[in-house]
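Thank you all for making time this morning. Please have the sequence and the model open in front of you while I talk, and stop me if you lose the thread.

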Amino acid sequence: NQALPKVMKNHSLKYLWAYKYDSDYSNGGINIHADQAAVNVNLWITPEDANLDKSTGGLVIFTAKPPSNWDFAAYNTDTERVTRDILAPSNFHNVTVPYRENRAVIFDSALFHHTDVYKFKQGYENRRINLTILYGEMQMGDARTRMENEL
């Protein structure tokens, strides 16, 4: 908390998990969703040389949040509704962060996001690994909330 006082504030650890993906995105990444926390830290730990396309493999973070009247199921399972009612009207405005080994991506957990397309080398040791650490309570807002207004 001392290194990032304005971001972390008094948010305590809420959840922590890791995903070890298959080597190819065609086998699936994490779909569009928002997480139930204030701050999201994604840390990628697979060696850099495993990523076959250095411009991909990271995270797509949209600049929109779910409206306060949506429940967890609406913003985490109904991807068609999220796309139609939230992302399309915002022209899918996003920040796409490419994969880098030991990169930590820190953002408002309520912003919609999903795994970017990726292609890593074959082999268990080359699979993309993502560590997610969530802090604090989710701050939902108007669906058109822009990241720029949050900084």
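Let me begin with Asn-91, which counts as exposed because its relative accessible area is 64%, where the cut-off for that word is over 50%. In this predicted model, Asn-91 sits in the loop between helix H3 and strand S4, and its phi is positive, about 60 degrees, even though Asn-91 is not a glycine. As a general point, most residues other than glycine have a negative phi. A positive phi of near 65 degrees also turns up at Asn-102, again a residue other than glycine, and Asn-102 is placed in the loop between S4 and strand S5, which spans 104-108. With a relative accessibility of 55%, Asn-102 is likewise counted as exposed.

Now please look at Ser-90, which lies in the loop between H3 and S4, the latter covering 94-97. Is Ser-90 buried or exposed? Its relative accessibility is 8%, so it counts as buried, given that the limit for buried is under 20%. A polar atom of the Ser-90 side chain lies 2.8 Å from the backbone oxygen of Leu-87.

Leu-87 takes us into the interior of the model. The largest nonpolar core has 14 residues, and within it Leu-87 and Phe-112 touch the most other members. Strand S3 at 59-62, helix H2 at 72-77 and helix H3 at 79-87 each contribute at least two residues to this core, and the largest share, three residues, comes from H3. If we set aside residues up to four places away in sequence, Leu-87 touches Ile-32, Phe-62, Ala-64, Val-82, Phe-92 and Phe-112. There is also a second, separate core of twelve residues, which includes Tyr-21, Trp-44, Leu-59 and Tyr-118, and I will come back to some of those names.

First, though, let us stay with H3 for a moment and ask which of its residues are buried. They are Val-82, Ile-86 and Leu-87, and because they cover an arc of only 70 degrees around the axis, they lie on the same side of H3. Glu-80 and Arg-84, by contrast, are exposed on the other side of that helix. The buried residues of H3 pack against S3 and H2.

Next come the aromatic rings. How many aromatic pairs does a search of the whole structure find? The search finds seven. One of these pairs is formed by Tyr-19 and Tyr-21, whose ring centres are 5.9 Å apart with 45 degrees between the planes, a tilted arrangement. The two partners differ in their surroundings, since Tyr-19 is partly exposed, at 37% relative accessible area, whereas Tyr-21 is buried, at 7%. Tyr-118 and Phe-120 form another pair, this one edge-to-face, with 5.9 Å from centre to centre and 85 degrees between the planes, and both of these residues are buried. Ring pairs link Tyr-19, Tyr-21, Trp-44, Tyr-99, Tyr-118 and Phe-120 into a cluster.

Arg-128 meets two members of that cluster. Its charged end sits over the ring of Tyr-21, at 4.7 Å from the ring centre, and that charged end also sits over the ring of Tyr-118, here at 5.8 Å from the centre.

Another residue to find is Ser-23, in the loop between strand S1, which is 13-20, and strand S2, which is 39-44. Ser-23 counts as buried because its relative accessibility is 1%, and its side chain reaches the backbone oxygen of Lys-121 at 3.0 Å. Leaving out its neighbours within four places in sequence, Ser-23 is in contact with Tyr-118, Lys-119, Phe-120, Lys-121, Gln-122, Gly-123 and Arg-127.

Let me end by stepping back to the whole chain. It has four helices and seven strands, and read along the sequence the pattern is α-β-β-β-α-α-β-β-β-β-α. Of its 151 residues, 44% are buried. Among the contacts with a separation of 6 or more, 88% are between residues 24 or more positions apart, and the contacts of Ser-23 with residues including Lys-121 and Arg-127 are good ones to look up in your own copy.

Note on methods. Residues are numbered from 1 along each chain as its sequence is written. This is a predicted model: local features need pLDDT of at least 70, side-chain atom pairs count only at pLDDT 80 or more; totals for chains, interfaces and linings use all residues. Side-chain values use heavy atoms; hydrogens and water are left out. A nonpolar core is a set of buried Ala, Val, Leu, Ile, Met, Phe, Trp, Tyr and Cys residues joined through side-chain atoms within 4.5 Å. Buried means under 20% relative accessible area, exposed over 50%, partly exposed in between (1.4 Å probe, protein chains only). Contact means heavy atoms within 4.5 Å. A polar contact is a pair of N or O atoms within 3.5 Å; within protein, one must be able to donate a hydrogen and the other to accept it, and residues adjacent in sequence count only if both atoms are side-chain atoms. The arc is that of the directions from the helix axis to the C-beta atoms. Rings of Phe, Tyr and Trp (its six-membered ring) pair if their centres lie within 6.5 Å; planes under 30 degrees apart count as stacked, over 60 as edge-to-face and the rest as tilted. A charge sits over a ring if NZ of Lys or CZ of Arg is within 6 Å of the ring centre and within 35 degrees of the ring normal.
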